[in-house]
Amino acid sequence: MNPFRPKTIFVESAASRYALTESLLRNFKDVPHLETPHPKELIACIRKKDDPVGAGKEHLLLLTHKGKFLKRCPATKNYICCGYRILHLGLGCTLDCSYCILQSYLNNPLLTLFVNFNDALRETKATLERSPQRFFRVGTGEFMDSLALDPYTKLSTALVPFFAKTKNSILELKTKTTNIQNLKDLKHNGRTFVSWSLNSHAIQAGEERGAAGIKARIEAARKCVGWGYPVGFHFDPIILHKNYELEYSRTIDRIFERIPPSRIAWISMGCFRFMPGLKPVIRNRFPETKIPYGEFIRGLDGKMRYFKPLRIEAYKTLYGGIRKHSDRVTVYLCMESDEVWEKSFGWSPKNTRGLSRLLDQAASRAVASC
Ligand code: SF4
């Protein structure tokens, strides 16, 4: 993984007085920075480039976020959702996976950080305290990689102790990097789960530009286990490719060679799915990739998915591979129907409420075992 160095840091006028802005400008003191009174005009200008996504990754935009920080996961109708909350701290990613749905999902292609981070913590605290009977699983890795910029922002050093003090939540930091240095000596109380998106070696090598290797990710997880953190793994997106059964089983075997099952909070799986608008973006940006040319059908949520029997076969294979090592680790599917759950695993949480309960219990167990 190469260190990140933006070509320019654009600072919205209102963002200039925040501590995070000051520390980022100090960290990148040789990078030109420009006060940007009209960020929307800047975003519109980047959107007109031939490759807005690639251009957006070269710069950093510092903004104040005016909306809500804590949001429900953008679940799609007709599929069972995990009931996750997103802590919205920024947009975009320094890595460049060919399949990344953010390439067509985000209106703003610029790598963006919200510098009024303390407002995010204040809002989260108020939300957690308003509903003490509820359990909140919160993640920062939906619209960005949770740790890609952490060496520069050090946000984890505030987030982890913050969640350590809560009684009814956990934080999940999801990444494809090995940027775990800042986590080492933090007081976490088992309330931060560090998790890695994993794939087969072939997909990692061919499609996940800038990400750490699979072995390196698992070694980083092992270190986090050594520091007392629960860990998680996400096989998402599963991509059907030559010998995928064998390729994914190698990754699964590697997890269990290096990580005790008792320290794994959960493993999720989701087959590659995308809105039709992503295909031309992938074709332009990654002409060598074959992943959008499989046989897809349009799902009930408008997304393109592999045919149901192919998805079921893939889930059965990976589930069998996991169960060979552990019959206790919590395994779940991301955005699939009751029928697919039943046919893949032989059981189903039935609906979003059932899956949320299952994951709340898994989270509570992981916290209690720390
Ligand atoms: S790590 Fe995630 S957010 Fe970053 S480019 Fe890859 S898929 Fe997109």
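1. Let's start with the ligand: in this predicted model, the ligand sits in the largest pocket. Eight names are worth finding on your screen here: the ligand is surrounded by C93, L95, D96, C97, Y99, C100, L102 and K176.

2. What kinds of residue make up this shell? Six are nonpolar, two are charged, and none is polar.

3. A word on the cysteines, since C93, C97 and C100 are among the residues around the ligand. C93 has a relative accessible area of 14%, so C93 is buried, the cut-off being under 20%. C97 is buried too, with a relative accessible area of 6%. If you were looking for disulfides, the count comes to zero, by the rule that the two sulfur atoms lie within 2.5 Å.

4. Now for the interior. The largest nonpolar core holds 117 residues, and L183, W196, F233, F235 and M269 have the most contacts inside it.

5. Which residues does L183 touch? Leaving aside residues up to four places away in sequence, L183 is in contact with L147, S156, V160, L173, V194, C224, W227 and Y229.

Definitions and conventions:
Residues numbered from 1 in each chain as written. Predicted model: local features only at pLDDT ≥ 70, side-chain atom pairs only at ≥ 80, totals over all residues. Heavy atoms only, no water. Core = buried A, V, L, I, M, F, W, Y, C linked by side-chain atoms within 4.5 Å. Buried < 20%, exposed > 50% of the residue type's maximum accessible area, 1.4 Å probe, protein only. Contact = heavy atoms within 4.5 Å. Near = heavy atom within 4 Å. 1 Å grid on protein atoms, 1.4 Å probe; cavity = no way out; pocket = protein on both sides within 12 Å on 5 of 7 lines; lining within 4 Å. Sits in = over half its atoms within 2 Å of the grid points. Nonpolar A, V, L, I, M, F, W, Y, C, P; charged D, E, K, R; others polar.
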